[in-house]
Amino acid sequence: MVFMAEEKQEEKSPGKEIGKVVHYYTDLGVGIIELKGTLKVGDKIKIKGATSDFEQKVNSMQIEHEKVEEAKKGKSIGLKTKKHVRQNDVVYKL
């Protein structure tokens with residue numbers, strides 16, 4: 001019974017789902033993320049998908065090519081990612 005409880009814990013999401021990758025610019029290493037919540041510079045995020053699974057700190061982000069410190073729900077942001085991300089990868093705030 002203890003084993004089952006541990007197994008369920010692993011399936012839990014890694015944090016609060018904050019958004020989804022809608023596009024990735026390979027040449028720039030920038031993912032476009034549609035936000036479901038507020039994200040700030042300095043936040044730690046996890047990006048998870050079929051082939052993506054990594055954590056990184058939000059060092060900077062842009063909305064319409066303008067640097068912003070904070071982006072709210074409903075906005076699409078450009079975020080430099082340390083690895084390749086793909087459309088529909090889920091972004092979690094840790």
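How many nonpolar, polar and charged residues does the lining of the largest pocket have, by class? I looked this up before anything else. My tally is seven nonpolar, five polar and two charged residues. I note here that the model is predicted.

**Entry: the pocket**

I took the volume of the largest pocket next. It comes to about 360 Å³. Its lining has 14 residues. I wrote down those nearest the centre: Val30, Ile32, Gln62, His65 and Gly78. Then I asked which elements give two or more residues to this lining. They are β2 (30–35), β6 (61–63) and β9 (76–80). I found that β9 gives the most, with five residues.

**Entry: pairing behind the pocket**

I checked how these strands pair. β2 and β9 run antiparallel, with five bridges between them. In this pair I found Val30 opposite Lys80 of β9. β6 and β9 are also antiparallel, joined by two bridges. Here Gln62 stands opposite Gly78. Val30, Gln62 and Gly78 are already on my list of residues nearest the pocket centre.

**Entry: Gly78**

I stayed with Gly78, which sits in strand β9. Is glycine 78 buried or exposed? I count Gly78 as buried because its relative accessible area is 16%, and the cut-off for buried is under 20%. I listed its contacts, leaving out neighbours within four places in sequence. Gly78 touches Val30, Gly31 and Ile32. Gly78 also touches Ser60, Met61 and Gln62. I also took one distance. The C-alpha atoms of Gly78 and Lys67 are 9.3 Å apart, with their positions 11 residues apart in sequence.

**Entry: the nonpolar core**

I moved to the largest nonpolar core. Which of its 17 residues touch the most other members? I got Leu39 and Ile77. Five strands each supply at least two residues of this core: β1 (16–25), β2, β4 (44–48), β6 and β9. The largest share comes from β1, with three residues. I added a general remark to the margin: nonpolar side chains tend to be buried together in soluble globular proteins.

I then listed the contacts of Ile77, again without neighbours within four places in sequence. Gly31, Ile32, Ile33 and Leu35 are on the list. So are Leu39 and Ala71. Met61, Gln62 and Ile63 complete the list for Ile77. Two names recur from the pocket lining: Ile32 and Gln62 are among the residues nearest its centre.

**Entry: Lys73**

I went on to the loop between β8 (70–71) and β9, where Lys73 lies. Buried or exposed, I asked of lysine 73? Lys73 counts as exposed because its relative accessibility is 66%, and the cut-off for exposed is over 50%. Contacts came next, with neighbours within four places left aside. Lys73 is in contact with Leu35, Lys36, Gly37 and Thr38. Lys73 and Thr38 are 35 residues apart along the chain. Their C-alpha atoms are separated by 5.5 Å.

**Entry: β4, β5 and β10**

I looked at β4 and its partners. β4 and β5 form a hairpin, with four residues between the two strands. They pair antiparallel over five bridges. Lys46 stands opposite Glu55, and Lys48 has Asp53 as its bridge partner in β5. β4 also pairs with β10 (residues 90–93), antiparallel, over four bridges. There the bridge partner of Lys46 is Tyr92. I note that Lys46 has a partner in β5 and another in β10.

Which residues form the covered face of β5, and which the uncovered one? β5 spans residues 53–57. I assigned Phe54 and Gln56 to the covered face. The uncovered face has Asp53, Glu55 and Lys57. Two of these, Glu55 and Asp53, are the residues I had matched with Lys46 and Lys48.

**Entry: the whole chain**

I finished with totals. The protein chain has one helix and 10 strands. I read the order along the sequence as α-β-β-β-β-β-β-β-β-β-β. Of its 94 residues, 33% count as buried. I also checked contacts between residues at least 6 apart in sequence. Among these, 62% join residues at least 24 apart.

Methods
Residues are numbered from 1 along each chain as its sequence is written. This is a predicted model: local features need pLDDT of at least 70, side-chain atom pairs count only at pLDDT 80 or more; totals for chains, interfaces and linings use all residues. Side-chain values use heavy atoms; hydrogens and water are left out. On a 1 Å grid over the protein atoms alone, a cavity is a set of points where a 1.4 Å probe fits but cannot get out, and a pocket is an open set with protein on both sides within 12 Å along at least five of seven lines; lining residues have an atom within 4 Å of a point. Grid points are joined across faces, edges and corners, and a volume is the space filled by probe spheres set on the points. Ala, Val, Leu, Ile, Met, Phe, Trp, Tyr, Cys and Pro count as nonpolar, Asp, Glu, Lys and Arg as charged, and the others, Gly among them, as polar. A nonpolar core is a set of buried Ala, Val, Leu, Ile, Met, Phe, Trp, Tyr and Cys residues joined through side-chain atoms within 4.5 Å. Buried means under 20% relative accessible area, exposed over 50%, partly exposed in between (1.4 Å probe, protein chains only). Contact means heavy atoms within 4.5 Å. Two strands pair if DSSP finds at least two bridges between them.
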